[in-house]
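Reader: Please take a close look at the packing inside this model. I would like one connected account that I can follow with the coordinates open.

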Amino acid sequence: MDRKVYLTGLFISCPLKKAQIECPFRKFRNAPIDKIIPYINALKDREVLQLAGYHKRCMLTKKNVKKAILLVG
């Protein structure tokens, strides 16, 4: 899958419903799609990789927090 296509969904909404304050996608969540698409298309490969890496780390962190809560429960 093209990373830019994947990132488009993250610019629209957080898969875990509550984005972190430092989430680089947050500022776009209420923007119209016709503003988001050109921004994404203009991203350099390095920026795409950085955004994808941020998302992956965030998901792993949240997953580990959920596991810890369940264990402590």
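**Packing in the predicted model**

Author: Among contacts in the protein chain between residues at least 6 apart in sequence, 68% join residues at least 24 apart. Keep in mind that this is a predicted model. The protein chain has three helices and zero strands. From the N terminus on, the order is α-α-α. Of the 73 residues, 30% are buried. The exposed surface comes to about 5700 Å², and carbon and sulfur atoms supply 61% of that area.

Now the core. The largest nonpolar core holds 15 residues. Those with the most contacts inside it are L7, F11, F25, L43 and L51. Three elements give two or more residues to this core: α1 (3-12), α2 (33-42) and α3 (45-72). The most comes from α3, with four residues.

Take F25 next. Leaving aside neighbours within four places in sequence, F25 is in contact with L7, L10, F11, L51, Y54 and H55. Beside F25 in the numbering is P24, which sits in the loop between α1 and α2. P24 is partly exposed, at 27% relative accessibility. With neighbours within four places again left out, P24 is in contact with L51 and Y54. L51 and Y54 are also on the contact list of F25. P24 and L51 are 27 residues apart in sequence, yet 7.5 Å apart in space, C-alpha to C-alpha.

Then α1. At the start of this helix, a side-chain oxygen of D2 reaches to within 3.2 Å of the backbone nitrogen of K4. The buried residues of α1 are K4, L7, T8, L10 and F11. Seen down the axis of α1, they fall within an arc of 170°, so they line one face of the helix. L7, L10 and F11 are the ones that also touch F25.

T8 deserves its own stop. T8 lies in α1. Its relative accessible area is 17%, so T8 counts as buried, the cut-off being under 20%. Not counting residues up to four places away in sequence, T8 touches I33, I37 and I40.

Compare another threonine, T61, placed in α3. T61 is partly exposed, with a relative accessible area of 48%. A polar atom of the T61 side chain lies 2.9 Å from the backbone oxygen of R57.

Last, the cysteines. Which cysteine sulfur is closest to that of C14? The closest one belongs to C58, at 6.3 Å, too far for a bond. C14 is buried, at 12% relative accessibility. For C23, the closest cysteine sulfur is in C14, at 6.4 Å, again too far for a bond. C23 is buried as well, with a relative accessible area of 11%. A disulfide would need the two sulfur atoms within 2.5 Å. The count of disulfides is zero.

To put the pieces together: α1 turns one face of buried residues inward on the count above, since they fall within an arc of 170° and so line one face of the helix. T8 on α1 touches I33, I37 and I40. F25 is in contact with L7, L10 and F11, and also with L51, Y54 and H55. P24 is in contact with L51 and Y54.

Notes:
Residues numbered from 1 in each chain as written. Predicted model: local features only at pLDDT ≥ 70, side-chain atom pairs only at ≥ 80, totals over all residues. Heavy atoms only, no water. Core = buried A, V, L, I, M, F, W, Y, C linked by side-chain atoms within 4.5 Å. Buried < 20%, exposed > 50% of the residue type's maximum accessible area, 1.4 Å probe, protein only. Contact = heavy atoms within 4.5 Å. Arc of directions from axis to C-beta. Polar contact = N/O pair within 3.5 Å; in protein donor to acceptor, adjacent residues only side chain to side chain. Areas by Shrake-Rupley, 256 points an atom, 1.4 Å probe, with all protein chains shown as cover.
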